[in-house]
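Please study the sequence and the three-dimensional structure shown below. The exercises that come after them are each followed by a worked solution.

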Amino acid sequence: MAEYCFPRHNRLLNAGDYQSVFNNTSFKVFAGEFLILAHKQSGTHARLGLIVAKKNEKRAVGRNRIKRVVRESFRHHKMGLNDLDIVFLARKGIKEIDNQELHKRLEKAWAQLAKKAVKAKKSSKAVLSPEK
């Protein structure tokens, strides 16, 4: 049960963490109402940062709802996203999506991100150890 919590080591905590993802983005998943950026890091835990601007959702209740759903979804999918720093960016139109639909889209996005990370890992191993 402890693997489904969201402790400090699973969060991007400061501006430097966010900046490293923005400057060194390795993977992008665009899903219309949100964008997920990811960067491979040297740690062993997946870390998540959330950006939901007032421009996209005026009310704090709405912004908190979006963040709550994203955190919940991330907690259940973080095992497949090891050693990635991830930034979730809310886009226009996200406030019209209900919780169930947002959860479905996030599941699909996490799967795409995990697939891209595995593909990159395999290709980097092939480059490091060429066949003889």
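The exercises below treat a helix, a sheet and several salt bridges in turn.

The model is predicted, so local features need pLDDT of at least 70 and side-chain atom pairs count only at pLDDT 80 or more, whereas totals for chains, interfaces and linings use all residues. Residues are numbered from 1 along each chain as its sequence is written, and side-chain values use heavy atoms, with hydrogens and water left out.

**Exercise 1. Determine which residues of helix 1 are buried and what they pack against.**

Step 1. Helices (H or I, at least four residues) and strands (E, at least two) are DSSP runs, numbered from the N terminus. Helix 1 comprises residues 15–23.

Step 2. Buried means under 20% relative accessible area, exposed over 50%, and partly exposed in between (1.4 Å probe, protein chains only). D17, Y18 and V21 are buried in helix 1. Because they cover an arc of only 95° around the axis, they lie on the same side of helix 1; the arc is that of the directions from the helix axis to the C-beta atoms. A15 and N23, on the other side of helix 1, are exposed.

Step 3. Contact means heavy atoms within 4.5 Å. The buried residues of helix 1 pack against strand 2 (34–40), strand 3 (47–51) and strand 4 (84–90).

**Exercise 2. Establish the order of the strands in the open sheet and identify which strands stand at the edges.**

Step 1. Two strands pair if DSSP finds at least two bridges between them. Strand 1 and strand 2 are antiparallel and pair over four bridges, while strand 2 and strand 4, also running antiparallel, are joined by seven bridges.

Step 2. The open sheet has four strands in the order 1-2-4-3, with mixed pairing. Strand 1 and strand 3 each have a single partner strand and stand at the edges, so one side of each is left without a neighbour in the sheet.

Step 3. Individual residues can be placed within this pairing. L37 in strand 2 stands opposite K28, and L37 also stands opposite V87 in strand 4.

**Exercise 3. Describe how the side chains are arranged along strand 1.**

Step 1. In a regular strand the side chains alternate between the two faces of the sheet.

Step 2. Strand 1 (residues 27–30) shows this alternation: F27 and V29 point to one face and are buried, whereas K28 and F30 point to the other and are not.

Step 3. Three residues lie between the strands in the hairpin of strand 1 and strand 2, where G32 takes a positive phi near 80°.

**Exercise 4. Find the salt-bridge partners of D17, D83 and R105, and locate each pair.**

Step 1. A salt bridge is a side-chain nitrogen of Lys or Arg within 4 Å of a carboxyl oxygen of Asp or Glu. The count by this rule is six salt bridges.

Step 2. D17 forms a salt bridge with R47, with the closest N and O atoms 3.7 Å apart. D17 in helix 1 and R47 in strand 3 are 30 residues apart, so the pair links distant parts of the chain. D17 is buried at a relative accessible area of 15%.

Step 3. D83 pairs with K40 in a salt bridge whose closest N and O atoms are 2.6 Å apart. Because D83 lies in the loop between helix 2 and strand 4 and K40 in strand 2, the pair ties together parts that are 43 residues apart in sequence. D83 is buried, at 19%, whereas K40 is partly exposed, at 37%.

Step 4. R105 meets E101 in a salt bridge (3.0 Å, N to O). Both residues lie in helix 3 (residues 99–128), four residues apart, about one turn of the helix.
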